[in-house]
Amino acid sequence: MKAVVYDRYGGPDQLRVEQVPTPSPRAGQVLVEVVATSVNLSDWEGLRGSPAYARFGGLTRPARRILGSDIAGRVAAVGAGVTRFRIGDEVYGDNLALMGGFAEYAVAAESTLAPKPAELSFAEASTLPQAGAIALQAVARAKAGDRMLINGAGGGTGMFAVQLAAAAGIHVTGVDNARKLDFIRALGAERALDYRVEDFTRTGPYDLIIDLVARRSVFAYRRALNRGGRYFVVGGTVRTLLRVLTVGTVLGLATRARLGVLVVKEGPAHFGPLAERCVAGEVRIHIDRVFGLEETAEALAYVGEGQALGKVVVAVSGSV
Ligand SMILES: NC(=O)c1ccc[n+]([C@@H]2O[C@H](COP(=O)([O-])OP(=O)(O)OC[C@H]3O[C@@H](n4cnc5c(N)ncnc54)[C@H](OP(=O)(O)O)[C@@H]3O)[C@@H](O)[C@H]2O)c1
């Protein structure tokens, strides 16, 4: 099969298209003929090997040669013991443990996949699993009337989180670069701030801060919170993550705020509710660009360099 592989951490030039053996599903696994795979910041981080948590399982070399976790496609074969799917079923899911979505076929654990709603295209379905699970679990931490700030609001997760929060009556402030501010407002944010011009930690106080790209000091984050307010890192530098877990915990106890890491639960139970909202027309999916499989390096660079509004999709085969 055709696949986009890499053997060293680095830039998009490390990626090349190769013929590799088609994987076989083991017990409890499904072989998916991939139609579309959306790009997540985690793919870019896995390519770069940075932040350091992206080297989990492969300190000096990538543990998996093929990136791509958010897949949508058709079941091509099933391993022993698979009961929920049959050959030909349309499925989608976040294959973060095994990856392999930037290829014509990928194996995934049965438990990571859900039936693709007929109302969504393969491209649309592929945007939901990782970003959707994060967005739902982030917004669940706020209630109507709260002031919530989302740092990195113009990307994949932000796109869903802003819409879900605004629909729940939460007052949303979104932070991202200047190019994305109109987009963030159109999603329902009351305020949109350019992080290159404004320091959001001086614009609070907020009841909840969700940080997709954390890289500031815990004292700055604490300053931006209400009494009893909460700050959660979702992604960012390892230094910031560690500081939040250590200094942030102590600071939180001393000041009645809470600073912590949002450990996101994966799987159909955690992204399925968002798919239902999209099918009902309550949440929209914005796909900025669709790249071909041979253009996967460009697709990753487009996301990694922060140009994408919402999601970017790699069309692997057939009609997406
Ligand atoms: N905690 C968990 O369990 C868990 C699970 C899965 C994934 N994750 C992590 O969650 C994150 C999800 O990100 P995503 O997929 O939504 O990424 P994305 O689509 O790339 O969005 C991130 C946005 O942040 C912006 N940005 C970059 N630097 C910024 C800064 N200093 N201030 C404000 N905005 C900034 C980016 O634009 P520009 O670059 O143009 O500025 C981009 O619009 C990733 O880091 C991933 O590793 C965490």
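The following dialogue discusses how to read a predicted model of a protein with a bound ligand.

Trainee: What should be known about the model before reading it?

Mentor: The model is predicted, so local features need pLDDT of at least 70 and side-chain atom pairs count only at pLDDT 80 or more, while totals for chains, interfaces and linings use all residues. Residues are numbered from 1 along each chain as its sequence is written, and side-chain values use heavy atoms, with hydrogens and water left out.

Trainee: How many helices and strands does the protein have?

Mentor: Helices (H or I, at least four residues) and strands (E, at least two) are DSSP runs, numbered from the N terminus. The protein has nine helices and 15 strands.

Trainee: What does the radius of gyration say about the protein?

Mentor: The radius is taken over C-alpha atoms, and the globule rule is 2.2 Å times the number of residues to the power 0.38. For 320 residues a compact globule would have a value near 20 Å; the protein has 19 Å, which agrees. The C-alpha trace spans about 55 × 45 × 35 Å along its principal axes.

Trainee: What share of the residues is buried?

Mentor: Buried means under 20% relative accessible area, exposed over 50%, and partly exposed in between (1.4 Å probe, protein chains only). Buried residues make up 54% of the 320 residues. Glu-90, in strand β5 (residues 90-94), is partly exposed, because its relative accessible area is 32%.

Trainee: Which residues does Glu-90 contact, leaving aside its neighbours within four places in sequence?

Mentor: Contact means heavy atoms within 4.5 Å. With those neighbours set aside, Glu-90 touches Gly-73, Arg-74, Ala-114, Pro-115, Lys-116 and Phe-122. Across the protein, of the contacts between residues at least 6 apart in sequence, 68% join residues at least 24 apart.

Trainee: How is the burial of a helix to be read, and is α9 mostly covered or mostly open?

Mentor: An α-helix has 3.6 residues a turn, so residues three or four places apart point the same way. Helix α9 (residues 296-304) is mostly covered, with seven of its nine residues buried. These are Thr-296, Ala-297, Ala-299, Leu-300, Ala-301, Tyr-302 and Val-303. The buried residues of α9 pack against β1 (2-5), β3 (29-39), α1, β14 (287-292) and β15 (311-315). After α9 comes Gly-306, with a positive phi near 75°.

Trainee: Which residues of α1 are buried?

Mentor: Asp-43, Trp-44, Glu-45, Gly-46 and Leu-47 are buried in α1, and the buried residues of this helix pack against β3 and α9. Gly-49 follows α1 and has a positive phi, near 70°.

Trainee: Which residues are closest to the ligand?

Mentor: A residue is near a molecule if one of its heavy atoms lies within 4 Å of it. The ligand is surrounded by 26 residues, the closest being Glu-45, Asp-176, Asn-177, Tyr-195 and Gly-306.

Trainee: Where do polar atoms of the protein approach the ligand?

Mentor: A polar contact is a pair of N or O atoms within 3.5 Å. Polar side-chain atoms of Thr-157 and Asn-177 each face an oxygen atom of the ligand, Thr-157 at 2.8 Å and Asn-177 at 2.4 Å. A backbone N or O atom of Leu-262 lies 2.8 Å from a ligand nitrogen atom. Taken alone, the ligand exposes 940 Å², and the protein buries 87% of that. The elements that give two or more residues to the shell are α1 (41-48), α3 (129-139), α4 (156-167) and β9 (171-176).

Technical notes:
A polar contact is a pair of N or O atoms within 3.5 Å; within protein, one must be able to donate a hydrogen and the other to accept it, and residues adjacent in sequence count only if both atoms are side-chain atoms. Accessible areas come from the Shrake-Rupley method with a 1.4 Å probe; for residues, only the protein chains shown count as cover.
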